[in-house]
Amino acid sequence: MDWQKKVSLWWAKNFRPLVVALLVGCGVHYTIYANQLGNFDAVHIGALYTADGWPEHLYWETQQGRWALRLVDMLRGGINQPALSALLMLFLYALAGVLLTDLFAVRSRVAKYLIPLTLVCAPYVAEVETYHYCSVSYALSFLLAVLAVRSAVCGVRFVWLMGTVCLAFALGMYQANLGTAAGLCVMLLLLAVLRRPGEWQATGLTALRMVLMGGSGAALYMLILKLFLRLYDVGLSGINGINTVGMETLRNLPLGLKNAYFDFYAYLFTHGIAQNHYGQIAGYLLLFVLAALAGLRWLVVLHDRKAAAAAVVLVALLPAAANVDRRYQHRGHCGAADGGLAGHRGAVCHRRDRRGSRTDGTGVLLGDGALHGVLCGAAARVCRAGQQRRGGHAETKDHSCEPRQPPVYPAGRKRRLPERRRGRDPG
């Protein structure tokens, strides 16, 4: 099957969920882009803006490690129009939501519409939209992180190298999406263990491709960053501890692991990191509970101790994976809850850099609203697979790049038309 036919089949299958998510997102976020609502950083940005071109501080974005922002702004011609930026941002998030349904192999029609909708309508997507001069870049970064994970679980040899490039550019626009990729990898490994409890070799190969993709993508990102810093003759800034990436990160790793789990707890059960004004944290927690109940039900059906043990380990790694982007940040002095894999400034201060990076924790899975779609996809996939396994129809194949084909049923017997008169031509 050539790539054109693959694209046409994918488009025919996902066109409606994509369009519905985009239109509903435009309606939900209408108040923001119609009234050109922005935050304090956006007030100082004009109708034309290109990253690294701020006269007061040239190459400011590259000094924060976001060298790819300038490339995206150049492709946009530097146009900073809130409505246009919102439309492009919502399209990219909706596309990422549709790809999540493919990534989790969701078959439920309701879930195929619900996952992109919950992603584009998430409160944190609205928050990203207020940075209308870079919201498109942040959405594209999220989409590239999803594509990077997709390449790692594809199963085709060396396709994960494409994921390396995707992850490098995703981090070049917004480093927090490293947590998106890591969190998705952990969730997909969890589903693989539950779906194929006896196929440890296939699951191990998938995990190896994920590690290779993540490691090489991060290395490529750092290499390109060093080249741009040398070209611009500047150094990394001290915001969020980006200038300490290296041996300092490894020395702070034990403390960072402890803070990652504390930060995960503090986000869901306290107001020290994010204020639960509209009940979004309760929604996140409810999705966690639903996914956990579905997973426990599946484990009861499996009766496999090794799979159960591996599932527990992967669930325990999820907070660390979601906070992997925070491991280079240092403890601040705001007196609030610290978090991230190396500690970070207390989020109650709600300090932001010029490109909208929050200093609160739990990774981009919470910060960009991705947790809505990811957990909905995981719960839907767990419930679906559990029903299939009880009915004896459990899937054994790994993720494939090939689009799912509709089932082909054997043709039944041809029904003989009754003859009006025997021995004569019916008519």
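The legends below walk through close-up views of a predicted model.

Residue numbers start from 1 along each chain as its sequence is written, and side-chain values use heavy atoms, with hydrogens and water left out. Because the model is predicted, local features need pLDDT of at least 70 and side-chain atom pairs count only at pLDDT 80 or more, while totals for chains, interfaces and linings use all residues.

**View 1. A nonpolar surface patch involves helix α1.** Welcome to the surface: Val20, Val24, Val28 and Tyr113 make a nonpolar patch of about 270 Å². Patch members have over 30% relative accessible area and no salt bridge (a side-chain nitrogen of Lys or Arg within 4 Å of a carboxyl oxygen of Asp or Glu). Nonpolar side chains (Val, Leu, Ile, Met, Phe, Trp, Tyr) are joined within 5 Å, and like charges within 9 Å. Areas come from the Shrake-Rupley method with a 1.4 Å probe, and for residues only the protein chains shown count as cover. Helix α1 (residues 3-28) gives the largest share of the patch, three residues. Helices (H or I, at least four residues) and strands (E, at least two) are DSSP runs, numbered from the N terminus. Val24 lies in α1 and is partly exposed, at 34% relative accessible area; the scale is buried under 20%, exposed over 50% and partly exposed in between (1.4 Å probe, protein chains only).

**View 2. Helix α5 has a buried side.** In α5 (residues 68-75), the buried residues are Ala68, Leu69, Val72 and Asp73. They span an arc of only 140° around the axis, which puts them on the same side of α5; the arc is taken from the directions from the helix axis to the C-beta atoms. An α-helix has 3.6 residues a turn, so residues three or four places apart point the same way. Met74 and Leu75 are exposed on the other side of α5. Follow the buried residues and you will find them packing against α4 (60-63), α9 (135-152) and α10 (160-173). Gly77, just after α5, takes a positive phi of about 70°.

**View 3. Thr203 sits buried in helix α12.** This threonine belongs to α12 (residues 200-232) and is buried, with a relative accessible area of 8%. Setting aside neighbours within four places in sequence, Thr203 is in contact (heavy atoms within 4.5 Å) with Leu189, Ala192, Val193 and Arg196.

**View 4. Two loop residues other than glycine take a positive phi.** Gln36 has a phi near 55° and is found in the loop between α2 (30-34) and α3 (40-43). Asp233 also has a phi near 55°, and its loop runs between α12 and α13 (247-251). At 69% relative accessibility, Asp233 is exposed.

**View 5. Stacked aromatic rings link distant parts of the chain.** The whole structure holds eleven aromatic pairs. Rings of Phe, Tyr and Trp (its six-membered ring) pair if their centres lie within 6.5 Å; planes under 30 degrees apart are stacked, over 60 edge-to-face and the rest tilted. Trp67 and Phe228 are stacked, 5.8 Å centre to centre with 10° between the planes. Trp67, in the loop between α4 and α5, and Phe228, in helix α12, are 161 residues apart, and both are buried. Tyr138 and Tyr174 also stack, at 4.2 Å centre to centre and 15° between the planes. Here Tyr138 of α9 meets Tyr174 from the loop between α10 and α11 (177-195), 36 residues apart; Tyr138 and Tyr174 are buried.

**View 6. Aromatic residues gather in a cluster.** Trp67 and Phe228 return here, joined in one aromatic cluster with Tyr59, Phe169, Tyr221 and Tyr232.
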